[in-house]
Amino acid sequence: MTGLSTNAIHGADHLSTVTDVMPPINVSTTYKFDNDNLIPAADLPVQDFEIPIYAREAHSNSAAVEAALGKMTGAHAVAYNSGLSAFHAAITYLNPKVLAIGGGYHGCHGVADIISRNYNMKQVGLDEFEKLGKGDVLHLETPINPHGTNYDIQYYADKAHAQGAYLLVDATFAPPPLQDPFLHGADMVMHSATKYFGGHSDLLAGVLLTKSKDVKYSLLMDKQFLGTNIANLESYLLLRSLRTFELRINQQIRNTELLLKAIVDGKFPAIKEIFHGSLQTDEYIAKQVNGCTPCFSIILQSEAMAKAFPKKLKYFHHATSLGGVESLVEWRAMSDTEIDTALVRVSVGVENSQDLIDDFTNALNEAAKEFQ
Ligand SMILES: *Cc1c(COP(=O)(O)O)cnc(C)c1O
């Protein structure tokens with residue numbers, strides 16, 4: 001088995017038709033037919049998405065992104081123009097009558113609500129297994145937004161499968177090497193590639209992963225009509241990003257370990273509670289989790305303190321989103337109507353770890369001083 005970086009950098013080499021070391025940015029929406037080999041569509045048993053015809057169906061860089069992500073994850077990958085397009089595509093393809101869904105990313109709930117409004121899909125809580133039937137879907141986000149805490153994938157896989165339902169895992173918060181949901185029974189995995197795979201806060205993309213070649217083909221067939229293929233420029237940017245993915249994620253993991261250690265050990269009076277996967281002691285954690293997801297949340301002593309805290313930071317921008325090379329904090333009440341208004345989400349970037357620790361702990365002390 002080749003390693004993560006090798007797969008990220010060379011996973012699409014076989015698709016290259018040029019001598020360029022970096023794939024060129026193809027802006028063409030249409031591709032010339034081979035006049036010496038004209039086979040009518042009606043005579044083709046299956047569509048070959050690796051030979052580009054029209055960019056809504058596939059283009060050379062979307063096929064390259066899919067090849068690289070597939071090699072990196074040991075699965076078949078289908079790339080979309082956003083994480084939510086990937087989630088929508090999964091629900092459209094699996095077509096459940098009942099969707100079990102817990103907390104987690106508000107946008108997935110938004111998509112589910114549209115499907116429920118239009119097609120009467122029923123939504124039930126994550127643990128209401130008995131309400132699932134054959135062909136239904138249990139959607140599990142782990143680690144979960146915004147807390148970064150984990151759920152036991154194998155437990156939910158077993159419960160879903162016992163009902164004849166599928167397990168879809170949103171693994172955005174723990175890309176490889178942090179976890180492989182397929183090892184614990186997931187049927188389909190999604191990522192917002194806008195986050196860690198993209199990693200530079202400059203592209204929107206999503207990916208669905210499946211172990212089945214046939215399912216991938218069906219997803220590609222759907223995608224060409226849903227019109228949600230990843231765009232040309234974004235595909236190029238994502239291929240560029242994947243080349244440094246392993247370096248980035250490892251630095252983010254390391255920075256998060258050190259920052260968390262500093263704030264846990266430091267017992268800062270500004271902090272009421274810290275949420276992170278590494279603080280969980282459940283038995284399944286050792287089997288499922290291979291490191292420190294670079295996103296966590298803290299609850300400060302008051303809403304006012306949580307609102308003031310971001311202003312005291314130098315290297316953590318105050319912005320939503322996560323996974324980029326730049327560290328971010330977000331007073332989560334800005335994006336989430338139901339969240340504790342004293343909660344701050346932290347996304348750790350690749351800056352120097354000591355600089356991040358100094359900045360963060362200084363801001364905690366400043367916030368405590370202001371509100372004591
Ligand atoms: C960002 C995110 C999404 C949605 O992805 P987009 O690329 O913004 O559409 C879905 N799930 C999780 C956990 C996310 O963080």
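In these legends a residue is called buried under 20% relative accessible area, exposed over 50% and partly exposed in between, for a 1.4 Å probe and protein chains only. The model is predicted, and local features need pLDDT of at least 70, side-chain atom pairs count only at pLDDT 80 or more, while totals for chains, interfaces and linings use all residues. Residues are numbered from 1 along each chain as its sequence is written, and side-chain values use heavy atoms, with hydrogens and water left out.

**View 1. A salt bridge joins Asp202 to Arg240.** The two side chains meet at 3.5 Å, N to O, which satisfies the rule that a side-chain nitrogen of Lys or Arg lies within 4 Å of a carboxyl oxygen of Asp or Glu. Asp202 sits in the loop between β6 (188–192) and β7 (206–210), whereas Arg240 belongs to helix α7 (residues 232–242), so the pair ties together parts that are 38 residues apart in sequence. Helices (H or I, at least four residues) and strands (E, at least two) are DSSP runs, numbered from the N terminus. Asp202 is partly exposed, at 35% relative accessibility, and Arg240 is also partly exposed, at 25%. Side chains of opposite charge can pair when their charged atoms come close.

**View 2. Lys312 and Glu370 form a salt bridge.** Their closest approach, N to O, is 2.4 Å. The pair links distant parts of the chain, with Lys312 in the loop between α10 (303–308) and β10 (317–318) and Glu370 in helix α11 (residues 353–371), 58 residues apart. Lys312 has a relative accessible area of 24% and is therefore partly exposed, and Glu370, at 47% relative accessibility, counts as partly exposed as well. Elsewhere, Glu330, Arg332 and Arg345 are joined into one network by salt bridges that share partners.

**View 3. Lys131 pairs with Glu128 in a salt bridge.** The closest N and O atoms of Lys131 and Glu128 are 2.6 Å apart. Lys131 is partly exposed, with a relative accessible area of 38%, and Glu128 is partly exposed at 27%. By the salt-bridge rule the count comes to nine.

**View 4. Helix α2 (residues 60–73) packs against α7.** The angle between the two helices is about 30°, and their axes are 8 Å apart; that makes α2 roughly parallel to α7. Axes are lines fitted to C-alpha atoms, for helices over the stretch in contact, with angles running from 0 to 180 degrees between N-to-C directions, and angles under 35 degrees count as roughly parallel, over 145 as roughly antiparallel, 65 to 115 as roughly perpendicular and the rest as oblique. The crossing of α2 past α7 is left-handed, meaning that the near helix is turned anticlockwise from the far one by less than a right angle. On the α2 side, the contact (heavy atoms within 4.5 Å) is made by Asn61, Ser62, Ala64, Val65, Ala68, Leu69 and Met72, and on the α7 side by Asn232, Ser235, Tyr236, Leu238, Leu239 and Leu242. These contact residues divide into nine nonpolar, four polar and no charged, where Ala, Val, Leu, Ile, Met, Phe, Trp, Tyr, Cys and Pro count as nonpolar, Asp, Glu, Lys and Arg as charged, and the others, Gly among them, as polar.

**View 5. Ile339 is buried within a loop.** Ile339 lies between β11 (328–331) and β12 (343–347) and has a relative accessible area of 16%. Not counting residues up to four places away in sequence, Ile339 touches Pro146, Arg332 and Ala333. Ile339 and Pro146 are 193 residues apart in sequence, and their C-alpha atoms are 9.2 Å apart in space.

**View 6. Cis peptide bonds precede Pro143 and Pro177.** The bond joining Thr142 and Pro143 is cis, with omega of about -5°, and Pro143 is found in the loop between β4 (137–141) and α5 (153–162). From Pro176 to Pro177 the peptide bond is likewise cis, with omega near 5°, and Pro177 lies in the loop between β5 (166–170) and β6.

**View 7. Asn95 and Ser201 have positive phi.** Asn95, although not a glycine, has a phi of about 50°; Asn95 is located in the loop between α3 (83–94) and β2 (98–101) and counts as exposed at 55% relative accessibility. Phi of Ser201 is near 50°, and Ser201, in the loop between β6 and β7, is exposed at 53% relative accessibility. Most residues other than glycine have a negative phi, and most peptide bonds are trans.
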